[in-house]
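Here is a short set of exercises to work through with the structure open beside you. Try each task before reading its solution.

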Amino acid sequence: MKTDIQIAKEAQMLPISEIAKKLGLKENEYEPYGWYKAKISDEFLSRKASEENGKLILVTAINPTPAGEGKTTTTVGLGMAMEKIGKKAIIALREPSLGPVFGIKGGAAGGGYAQVVPMEDINLHFTGDFHAITAANNLLCAVLDNHIQQGNELGIDQRRVLITRVTDTNDRALRNVIVGLGGKINGVPREDHFKITVASEVMAILCLAESLADLKERLGNMLVAYKYDGSPVYCRDLKVNGSMAVLLKDAIKPNLVQTLENTPAIIHGGPFANIAHGCNSVRATKLALKLADYAITEAGFGADLGAEKFFDIKCRKAGLTPDAVVLVATVRALKYNGGIAKDKLSEENTEALEKGSCNLVAHIENLSKFGIPVVVAINRFGSDTEAELDLVRNICINAGADFALSEVFAKGGDGGTDLARKVVEACEKKSEFKFLYPDDASICEKIETVAKEYYGAKDVKYDASAIKAIKEIENLGIDVSALPICMAKTQYSLSDDASLLGRPTGFTLNVRDVTLNAGAGFVVVLTGAVMTMPGLSKQPSAYSIDIDENGNITGLF
């Protein structure tokens with residue numbers, strides 16, 4: 001089969017003006033970025049605000065494995081398949097980060113014959129949103145350090161600066177740095193850190209903001225440091241939230257592209273789900289709900305991360321009510337969870353499949369706790385046998401989920417029509433959507449609910465630094481009931497230990513630190529050994545990506 005980039009280059013894309021027209025946009029309601037990309041204007045969002053919403057469908061997955069699951073591929077394919085069965089659908093995705101593109105995981109434009117295009121642009125600089133987020137975040141850091149240098153009128157304790165600089169590449173050498181060296185003229189020396197851009201609070205704020213005014217207010221609410229007397233310093237105290245909003249004035253506008261089959265797609269925002277809240281922007285999702293009968297979105301990594309945060313953070317904050325959830329898995333990945341080595345996954349092994357399906361069942365049961373119908377999509381590989389597929393089908397049905405095979409990678413929309421029909425049926429069922437924990441629970445109660453009821457932990461252990469941080473947050477006078485929690489943990493396991501596959505039990509979840517994202521409106525809980533700045537592997541994808549003298553890119557998946 002051809003590579004993703006070969007397939008993408010052969011796509012018969014429509015000019016973005018035709019995609020916009022298909023959605024009812026007037027010429028003054030979108031801003032073209034070349035022939036095949038556009039920003040959607042605030043005027044269009046306002047014009048559509050009073051229209052009725054379509055159905056909201058979330059696509060999530062089991063815990064990721066080296067065998068691959070295909071969550072974004074399934075999302076794109078489902079959107080195309082909806083149109084094949086005569087339904088009006090639109091896709092709402094996150095933007096890819098350059099970190100995994102040049103690292104190990106890859107891009108986020110789908111795969112095979114279920115991709116959003118132009119694939120190279122989407123996976124690289126796209127419309128510059130991430131660069132704007134990086135610049136806005138680092139402007140805040142520069143202003144803070146300059147304030148300390150220029151006399152420190154606020155009395156900022158440079159040992160207690162919370163905001164960190166960011167960059168959108170994997171660079172472990174920047175995790176812990178010293179800034180301000182080189183003498184008095186170069187600033188006040190202090191310890192600093194870098195996060196990857198997609199883990200920043202500015203990214204989260206952009207994705208949760210309802211408007212430019214809301215964006216500016218949220219930026220101002222960011223807790224950036226503490227003073228020598230222990231009182232908080234917010235971004236608004238440094239008088240820079242307006243300048244940051246200026247840098248983000250275009251980035252807050254959703255991006256319009258298309259699939260290989262010319263289905264409209266909105267791609268906007270891109271927080272990671274293991275170290276951030278893992279969902280595309282509220283503005284993009286709300287707009288998608290106004291533009292089609294079925295709005296299909298995805299959340300990062302497994303349902304223990306992206307889906308839980310989609311429901312408990314994004315839906316809670318934005319007032320969204322999902323109608324169905326699609327849980328993506330592969331026979332190969334389930335056998336991997338059952339203890340089979342990667343090079344043996346193509347061999348039939350129903351015993352390992354049944355053993356590894358405990359991970360699938362855990363996610364079905366967890367998703368059912370939110371009160372919405374679950375459809376399992378098995379992303380089919382050529383090595384899957386009928387005996388294996390029948391086994392998974394029975395496991396899903398016994399766990400209370402519907403089941404469909406998906407072959408969108410190889411067949412595009414035609415390979416997802418059965419899945420599309422099952423999803424339509426699920427959307428017709430009554431949604432009894434509810435959150436995992438109530439607003440008025442304490443921070444620790446929220447953490448322990450997710451850990452015990454969702455991950456399956458027996459206990460939660462807090463480091464001294466985490467206990468101290470929680471007390472400080474509670475002492476700020478902020479209404480804790482307005483603060484859902486954002487768990488930062490490994491994506492590879494339901495636990496905080498990446499080596500515990502399947503459905504681990506009896507484990508203790510280790511909370512090492514807790515931070516307040518006051519502008520975004522949630523508390524980040526750092527567990528286990530998860531890092532907010534990833535590192536590169538020994539053989540990163542950057543080694544194989546190239547461009548020739550004619551501008552043709554190779555090696556990009």
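**Exercise 1: A strand and its partners**

Strand β6 (residues 114-117) and β14 pair in the antiparallel sense over 2 bridges. The model is predicted, so local features need pLDDT of at least 70 and side-chain atom pairs count only at pLDDT 80 or more, while totals for chains, interfaces and linings use all residues. Residues are numbered from 1 along each chain as its sequence is written, and side-chain values use heavy atoms, with hydrogens and water left out.

*Task.* Find which strands pair with β14 in the antiparallel sense.

*Solution.*
1. Helices (H or I, at least four residues) and strands (E, at least two) are DSSP runs, numbered from the N terminus; two strands pair if DSSP finds at least two bridges between them.
2. Start with β6: Val-117 has Gln-258 of β14 as its bridge partner.
3. Go on to β2 (residues 38-40), which is antiparallel to β14 over 2 bridges. Here Lys-39 is matched with Asn-255.
4. Finish with β15 (residues 264-267), joined to β14 by 4 antiparallel bridges. Asn-255 turns up again, with Ile-267 as its partner in β15.
5. Look at the connection: β14 and β15 form a hairpin with 4 residues between them, and Asn-262 in the turn has a positive phi of about 70°.
6. Check the cover: 5 of the 5 residues in β14 (255-259) are buried, where buried means under 20% relative accessible area, exposed over 50% and partly exposed in between (1.4 Å probe, protein chains only).

**Exercise 2: Cysteines**

*Task.* Work out why Cys-279 and Cys-315 have no bond between their sulfurs.

*Solution.*
1. Recall the chemistry: a disulfide is a covalent bond between the sulfur atoms of two cysteines.
2. Apply the cut-off, a pair of cysteine sulfur atoms within 2.5 Å. The count by this rule is 0 disulfides.
3. The cysteine sulfur closest to that of Cys-279 belongs to Cys-315, and because it is 7.7 Å away, it is too far for a bond.
4. As for accessibility, Cys-279 is buried at 0%, and Cys-315 counts as buried at 1%.

**Exercise 3: An open sheet**

*Task.* Give the strand order of the open sheet of 4 strands, then place the helices on it.

*Solution.*
1. The order is β20-β22-β23-β21, with mixed pairing.
2. At the edges are β20 (459-462) and β21 (485-488), each pairing on one side only.
3. From one strand to the next, the twist averages 40°.
4. β21 and β23 (residues 522-527) run parallel and are joined by 4 bridges; Ile-485 stands opposite Val-523.
5. Helix α12 (residues 303-318) packs on the sheet, touching β21 and β23, and its direction makes about 170° with that of β21. Axes are lines fitted to C-alpha atoms, for helices over the stretch in contact (heavy atoms within 4.5 Å), and angles run from 0 to 180 degrees between N-to-C directions.
6. Helix α20 (residues 464-474) lies across β20, β22 (508-517) and β23, at about 35° to β22.

**Exercise 4: The start of the chain**

*Task.* Is Met-1 buried or exposed, and what is in contact with Met-1?

*Solution.*
1. Met-1 is in the segment before α1 (4-9) and counts as exposed, at 63% relative accessibility.
2. Leaving aside neighbours within four places in sequence, Met-1 is in contact with Ile-7, Gly-112, Tyr-113, Phe-409 and Ala-410.
3. Met-1 and Gly-112 are 111 residues apart in sequence, and their C-alpha atoms are 8.4 Å apart in space.
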